[in-house]
Amino acid sequence: MEFDPTQPIWLQLVAEFSRRIVVGTWQPGERVPGVRDLAVELGVNPNTVQRSLAELERDGLMRTERTTGRFVTDDPDRLQGLRRQLASQAADDYITRARGFAMDLAAAQALIDERWTRHDGNPRSTAEGE
């Protein structure tokens, strides 16, 4: 993982761990790797990893069981909320960039429809399979 020097590393780790939860690298109810293992994997201080995981726990995305470690929440509402939050951030980034290219709403929506179709062949499909 390459870190952005303009942002605190622990916040970047919160984003990375959230991504891992949303894309299913870390499944609901699954035990996540230990702090030291993650620190070695990412090349950061264990205290930085600890702070990131504690933040996810405060947000209800993880829980700690005293003797067995940390686990991803299996609360579907929390997971859907995280998915929506990350997708909203991506949409906001897209809107900001599209406006910077002087695109209007219709052109930006048309581009999304076109790209969506290229990715899966169905312009109306969603993550829930609708």
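**A tour of the second largest pocket, a helix pair and a hairpin**

The second largest pocket has a volume of about 380 Å³, where a pocket is an open set of points on a 1 Å grid over the protein atoms alone, at which a 1.4 Å probe fits, with protein on both sides within 12 Å along at least five of seven lines, and a volume is the space filled by probe spheres set on the points. This is a predicted model, in which local features need pLDDT of at least 70, side-chain atom pairs count only at pLDDT 80 or more, and totals for chains, interfaces and linings use all residues. Residues are numbered from 1 along each chain as its sequence is written, and side-chain values use heavy atoms, without hydrogens and water.

Select Val-14, Ala-15, Ser-18, Gln-85 and Gln-89, which lie nearest the centre of the pocket among its 18 lining residues (those with an atom within 4 Å of a point). Two or more lining residues come from each of α1 (9-23), α3 (46-58) and α4 (76-100), helices being DSSP runs of H or I with at least four residues and strands runs of E with at least two.

Next, show α1 with helix α2 (residues 35-42), whose axes, lines fitted to C-alpha atoms over the stretch in contact, come within 13 Å and cross at roughly 105°; the two helices are therefore roughly perpendicular (65 to 115 degrees). Leu-13, Phe-17 and Arg-20 of α1 meet Leu-38, Glu-41 and Leu-42 of α2, contact meaning heavy atoms within 4.5 Å.

Finally, select strands β1 (residues 62-65) and β2 (residues 69-72), which pair in the antiparallel sense over 4 bridges (pairing needs at least two DSSP bridges). They form a hairpin with 3 residues between them, and Arg-63 has Phe-71 of β2 as its bridge partner.

Key
Axes are lines fitted to C-alpha atoms, for helices over the stretch in contact, and angles run from 0 to 180 degrees between N-to-C directions. Angles under 35 degrees count as roughly parallel, over 145 as roughly antiparallel, 65 to 115 as roughly perpendicular and the rest as oblique.
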